[in-house]
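Trainee: I have a model open and don't know where to start. Can you walk me through some of it?

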Amino acid sequence: MSQTVRRAIDILEFIARAPRTQTEVGEHLGVHRSTALRILESLTEGGLARRLPDGRYAVGHRLAGLAHLALEQFGIKEIAAGHLRALGEHCGHTVHLAALEGDQIVYVDKVDPVDGVRLYSQIGRPVTLHTAGVAKAILAHVPRATAESLLAACDFAPHTGTTITDPAAYRKTLDETRARGFAVDDGEYEDYVNCVAVPVRDSGGEVIAAVSVTALKAKADLTALERDVLPELITTAETISRELGWRP
């Protein structure tokens, strides 16, 4: 990659976080402000950057349009697939990707362990909202009105001894999930498995999906999952979010 192209990419990422002055861009690149100005003018001429009335530079409307077109070409499943496989191969447990689609949360991808038990979950099927870790990870972070709309159709039926059947208790669980940043399923649908789940964000920072690792309790209980798997799961979810355009 040429130095000019590399600098142009660096500038676009820099001004995408917040509008910047010519001097700030030059200092960020470690170059003279005239060099920064030359690249900024080229980006502005091409519509990828724009000069604001106060003299600062921000991303251009053409860049926003290109980003929108790019997102239409790549669905979350395609973006996440390689990362999910790598996580599954490394941890040896089942990996799920679930996404918010309309008035449902649906499994959109699944990676089964090569030599493990295959779980009931199926790609394309709705998630059981009051038991699944992926559902909690999503519902804990979407707007409250959205969560309430989804939960309106939830029957809170018992499946195991640890299923949360009280709506008030479930909402408290969502508050706890939001506070700690990840969700758990403590054998709430099938008593012999448990899982940890982490949200995935889009370019605007909104939670649109979640990734989980589900394990047989005989192989890894919640303590083991949180200790041994959760750090890599968080990294995987953040990587997918970044590829969707999210920036912390």
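Trainee: Is the crossing of α1 and α2 left-handed or right-handed?

Mentor: The crossing of α1 and α2 is right-handed (clockwise turn of the near helix from the far one by less than a right angle; left-handed if anticlockwise). Helices here are DSSP runs of H or I with at least four residues, and strands are E runs of at least two, numbered from the N terminus. This is a predicted model, where local features need pLDDT of at least 70 and side-chain atom pairs count only at pLDDT 80 or more, while totals for chains, interfaces and linings use all residues. Residues are numbered from 1 along each chain as its sequence is written, and side-chain values use heavy atoms, leaving out hydrogens and water.

Trainee: Which residues of α1 make the contact?

Mentor: R7, D10, I11, F14 and I15 of α1 meet E24, V25, H28 and L29 of α2. Contact means heavy atoms within 4.5 Å.

Trainee: New topic. What is the strand order in the open sheet?

Mentor: The five strands run β4-β3-β7-β6-β5, with antiparallel pairing; two strands pair if DSSP finds at least two bridges between them. The edge strands are β4 (104-111) and β5 (183-185).

Trainee: How many bridges join β3 to β4?

Mentor: Seven bridges join β3, residues 94-101, to β4. In one of them, L100 has I105 of β4 as its partner.

Trainee: And K110, buried or exposed?

Mentor: K110 lies in strand β4. K110 is buried, because its relative accessible area is 16% (buried is under 20%, exposed over 50%, partly exposed in between, with a 1.4 Å probe and protein chains only). Among the residues that K110 touches are T94, H96 and Y120.

Conventions: Lists of a residue's contacts leave out its neighbours within four places in sequence.
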